[in-house]
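Q: Could you take a close look at one part of this structure for me? I'd like the pockets, and then whatever sits around them.

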Amino acid sequence: MMALNLFCAMLLAGSAVHKALARDRLAPVAARLAGTSAALGPVVLLLAGAGEMAAAVFLVTLPLHAVGALLAATIWASYAIALWRKSGQTLDCGCDLAARAKPVSPAIVARPAALSALALILSTLPAAPLTLDAPFAAAGFLALYLGLSELLATPRPAWRTA
């Protein structure tokens, strides 16, 4: 199961780095999702990024992997709830590397909800040592996840209307 821990850790760390690099774009997004004033956006963004990075580190630290998984589940569940509250609205949720305003659909809400469920499952599993295949499997999961994310970002793909 270390591959799934690594996948979640890579996703969380990447998200934290994304928040640090694109803070000008993501601070207003964080404020809007949190339902706070724009002035608190940078603080909300910093707290979210710090939580994501802590969860990523804990997930790959064997004695702390359950704590990291529970922290990740909490973060992703918070995102799912915040997005669900904005259902139907058009906004840049910050879920992609590129700025893309799109309607908050059930699929957009389901993504962090599913990740939260995965993290909850991981919190119940025993710690697994790092094996040679785990980083490759985690990278494969991440590639599939990012590919699905891009498909969800496509405005009007032919397969949705067919």
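A: Here is a walk through the pockets, followed by one helix, one ring cluster and one further residue.

Keep in mind that this is a predicted model.

Let's start with the largest pocket, which holds about 960 Å³ of space. Its lining counts 39 residues, and the closest to the centre are Ser15, Lys19, Glu52, Tyr79 and Gly94. Which elements give two or more residues to that lining? They are H1, H2, H3, H4, H5 and helix H6 (134-153). As for chemistry, the lining of the largest pocket splits into 26 nonpolar, 8 polar and 5 charged residues.

The second largest pocket comes in at about 160 Å³. Around it you'll find Ala16, Lys19, Ala20, Arg23, Asp24, Ala27, Pro42, Leu45, Leu46, Gly49 and Ala50. At least two lining residues come from each of H1, H2 and H3, and H3 has the largest share, with 5 residues. By type, the lining of this second largest pocket is 7 nonpolar, 1 polar and 3 charged. Lys19 is worth clicking on: it is among the residues closest to the centre of the largest pocket, and it also lines the second largest one.

Now to H4, one of the elements that line the largest pocket. This helix covers residues 65-85, and its 21 residues should span 30 Å at 1.5 Å a residue; the end C-alpha atoms are 30 Å apart, so the expected span and the model agree. Which residues of H4 are buried? The list is His65, Gly68, Ala69, Ala72, Ala73, Ile75, Trp76, Ala80, Ala82 and Leu83. As a reminder for reading that list, residues three or four places apart on an α-helix point the same way, because there are 3.6 residues a turn. What do the buried residues of H4 pack against? Their partners are helix H1 (2-21), helix H2 (23-34), helix H3 (41-59) and helix H5 (106-124).

H1 and H6, which also help line the largest pocket, bring us to the aromatic rings. The structure has 2 aromatic pairs. One of them is between phenylalanine 7 and phenylalanine 141, edge-to-face, with 6.2 Å centre to centre and 70° between the planes. Phenylalanine 7 sits in helix H1 and phenylalanine 141 in helix H6, 134 residues apart, so this pair links distant parts of the chain. Are these two rings buried or exposed? Phenylalanine 7 is buried, at 6% relative accessible area, whereas phenylalanine 141 is partly exposed, at 36%.

Phenylalanine 7 also pairs with tyrosine 145, again edge-to-face: 6.0 Å centre to centre and 65° between the planes. Since phenylalanine 7 belongs to helix H1 and tyrosine 145 to helix H6, the pair ties together parts 138 residues apart in sequence. Tyrosine 145 counts as buried because its relative accessible area, 19%, falls under the 20% cut-off. Put together, ring pairs join Phe7, Phe141 and Tyr145 into a cluster.

One last stop is alanine 117, in helix H5. At 37% relative accessibility, alanine 117 is partly exposed. The C-alpha atoms of alanine 117 and cysteine 8 are separated by 12 Å, although these residues are 109 residues apart along the chain.

Note on methods
Residues numbered from 1 in each chain as written. Predicted model: local features only at pLDDT ≥ 70, side-chain atom pairs only at ≥ 80, totals over all residues. Heavy atoms only, no water. Helix = DSSP H or I, 4+ residues; strand = E, 2+ residues; numbered from the N terminus. Expected span 1.5 Å × (residues − 1). Buried < 20%, exposed > 50% of the residue type's maximum accessible area, 1.4 Å probe, protein only. Contact = heavy atoms within 4.5 Å. 1 Å grid on protein atoms, 1.4 Å probe; cavity = no way out; pocket = protein on both sides within 12 Å on 5 of 7 lines; lining within 4 Å. Points joined across faces, edges and corners; volume = space filled by probe spheres on them. Nonpolar A, V, L, I, M, F, W, Y, C, P; charged D, E, K, R; others polar. Phe/Tyr/Trp six-rings, centres within 6.5 Å; stacked < 30°, edge-to-face > 60°.
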